[in-house]
Amino acid sequence: IHTLNFPILTSINYDAFSNTDGLYNLNIPNLESCNRGFISNSSVKTLSFPKLSNVSGSGDLLGEDLKNLTTLELGLTNNSYFRLVSNAPDLTKVILPQFNYISDTMFRYCSNIKTIVLSNPSNVCTLSNASYLPTQITNTANTTSYVYVPQALLANYKTATNWASFSSKIRAIEDYPDITGG
């Protein structure tokens, strides 16, 4: 089994999907709550939890050793000071449709992220410090890594505290639907 879809599952406990070699896609569209570390030591490549709103426990949100993970979608509104994952060197795309705050630990150990999609249409996501974003994003010489935001908020992001220092790396979601899905 390479793909698992759980359309009615709303809650997951710790280690629910640990040691799942051969699992490449995990889609739980109605997941609302989980314990941190519910997936680790897995070969999963894509994770999508657009309705996730409640995370309990301590440690990394997703656990450790997700070495094949490339795309992650989370419906949380803020990160509550957690790391996404430890040891996910292939993670290149993070979709955060409702985020409103990014802390210092959010992207720790996720240095290869090249695409961050912040699609909350209501407000600019607060960035506690620009140095907390992956270097692929903040390096203005890198022409393949960007933060994508709603067109209506693009000018606000480019002048917002901690976002302004790399405003050339901020693009409108609507202009890049193949990358952002928007």
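This tour proceeds through a predicted model, from its strands to its cores, its aromatic rings and two loop residues.

**The three-stranded sheet**

Begin by selecting β2 (11-12), β4 (residues 33-35) and β6 (54-56). These three strands form an open sheet with parallel pairing, in the order β2-β4-β6. At its edges stand β2 and β6, and each has a single partner strand, so one side of each is left without a neighbour in the sheet. Next, display the pairing of β2 with β4, where two bridges join the strands. Ile 12 has Cys 34 of β4 as its bridge partner.

**Around β7**

Move now to β7 (71-74) and β5 (46-49). Four bridges connect β5 and β7 in the parallel sense, and Leu 47 stands opposite Leu 72 in β7. Then add β8 (residues 93-95), which pairs with β7 over three bridges, again in the parallel sense. Here Leu 72 stands opposite Val 94.

With β7 still selected, show its side chains. In a regular strand, side chains alternate between the two faces of the sheet. Leu 72 and Leu 74 belong to the covered face of β7, whereas Thr 71 and Glu 73 belong to the uncovered one.

**The nonpolar cores**

Select Phe 49, Leu 62, Leu 84, Leu 91, Phe 107, Leu 118 and Trp 163, the residues with the most contacts inside the largest nonpolar core, which has 50 residues. The elements that give two or more residues to this core are β5, β7, β12 (146-149), α2 (154-159) and β13 (170-172). Apart from this core lies another, of five residues, among them Ile 95, Val 117, Tyr 146 and Ile 173.

Return to Phe 107 and display its surroundings. Leaving out residues up to four places away in sequence, Phe 107 touches several residues, including Leu 84, Val 94, Ile 113, Tyr 132 and Pro 134.

**Aromatic rings and charges**

The whole structure holds five aromatic pairs. One of them joins Trp 163 and Phe 166: the ring centres are 5.8 Å apart, and with 55° between the planes the pair is tilted. Both Trp 163 and Phe 166 are buried.

Select Tyr 146, Tyr 148 and Tyr 176 next; together they form one aromatic cluster. Add Arg 171 to the view, for its charged end sits over the ring of Tyr 146, 3.5 Å from the ring centre. A second arrangement of this kind appears on selecting Lys 45 and Tyr 24: the charged end of Lys 45 sits over the ring of Tyr 24, 5.0 Å from its centre.

**Two residues in loops**

Which loop holds Thr 20? Thr 20 is found between β2 and β3 (25-27). Because its relative accessible area is 19%, and buried means under 20%, Thr 20 counts as buried. Its side chain reaches the backbone oxygen of Phe 17 at 3.1 Å. Neighbours within four places in sequence aside, Thr 20 is in contact with Asn 41, Ser 42 and Ser 43.

For the last stop, select Met 106, in the loop between β9 (101-102) and β10 (115-117). Is Met 106 buried or exposed? Its relative accessibility is 0%, so Met 106 counts as buried. Add Arg 83 to the selection: Met 106 and Arg 83 are 23 residues apart in sequence, and their C-alpha atoms are 4.5 Å apart in space.

Methods. Residues numbered from 1 in each chain as written. Predicted model: local features only at pLDDT ≥ 70, side-chain atom pairs only at ≥ 80, totals over all residues. Heavy atoms only, no water. Phe/Tyr/Trp six-rings, centres within 6.5 Å; stacked < 30°, edge-to-face > 60°. Buried < 20%, exposed > 50% of the residue type's maximum accessible area, 1.4 Å probe, protein only. Lys NZ or Arg CZ within 6 Å of the ring centre and 35° of its normal. Core = buried A, V, L, I, M, F, W, Y, C linked by side-chain atoms within 4.5 Å. Contact = heavy atoms within 4.5 Å. Polar contact = N/O pair within 3.5 Å; in protein donor to acceptor, adjacent residues only side chain to side chain. Pairing = 2+ DSSP bridges.
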